[in-house]
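Ready for a little practice in reading a structure? Take a good look at the chain below, then work through the exercises at your own pace.

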Amino acid sequence: MREIYAGMPWWVKWIAVPVIAIFVFGGLIASVVGFVISLLFKALIFVVLVGGLIFVVRKFMSSSSRGDW
């Protein structure tokens, strides 16, 4: 198999084979990339929400400890 592949022209090795691989596995690649981007977005939303919660709790605790009520 390696000898057959080695005897092919450069355009088969570097253009045709990757294009065929993308055509065959394109849906899988797109779903994996979409999953990773979705996971990163959800992690970012989680960090923002936790940071906001900590900010609100600290603000509430500092205002209630002064005895403003």
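Three exercises on this predicted model follow, each with a worked solution.

**Exercise 1.** Describe the secondary structure and the overall dimensions of the protein chain.

*Solution.* Start with the elements: the protein chain has two helices and zero strands. Next, take the box along the principal axes, which the C-alpha atoms fill at roughly 85 × 20 × 15 Å. Then turn to the radius of gyration, which is 27 Å for the protein chain, whereas a compact globule of 69 residues would have one near 11 Å.

**Exercise 2.** Work out what share of the residues is buried and what the accessible surface amounts to.

*Solution.* Buried means under 20% relative accessible area. Of the 69 residues in the protein chain, 1% are buried. The accessible surface comes to about 6,500 Å², and carbon and sulfur atoms account for 80% of that surface.

**Exercise 3.** Place Gly27 and Val50 in the chain, and classify Gly27 and Val50 by accessibility.

*Solution.* Begin with Gly27, which sits in helix 2, spanning residues 10–65. The cut-off for exposed is over 50%, so Gly27, at 52% relative accessibility, counts as exposed. For a distance, pair Gly27 with Lys13: they are 14 residues apart along the chain, and their C-alpha atoms are separated by 22 Å.

Now take Val50, also found in helix 2. Its relative accessibility is 34%, so Val50 counts as partly exposed. Finally, Val50 and Pro18 are 32 residues apart along the chain, with 43 Å between their C-alpha atoms.

Note on methods: Residues numbered from 1 in each chain as written. Predicted model: local features only at pLDDT ≥ 70, side-chain atom pairs only at ≥ 80, totals over all residues. Heavy atoms only, no water. Helix = DSSP H or I, 4+ residues; strand = E, 2+ residues; numbered from the N terminus. Rg over C-alpha atoms; globule rule 2.2 N^0.38 Å. Buried < 20%, exposed > 50% of the residue type's maximum accessible area, 1.4 Å probe, protein only. Areas by Shrake-Rupley, 256 points an atom, 1.4 Å probe, with all protein chains shown as cover.
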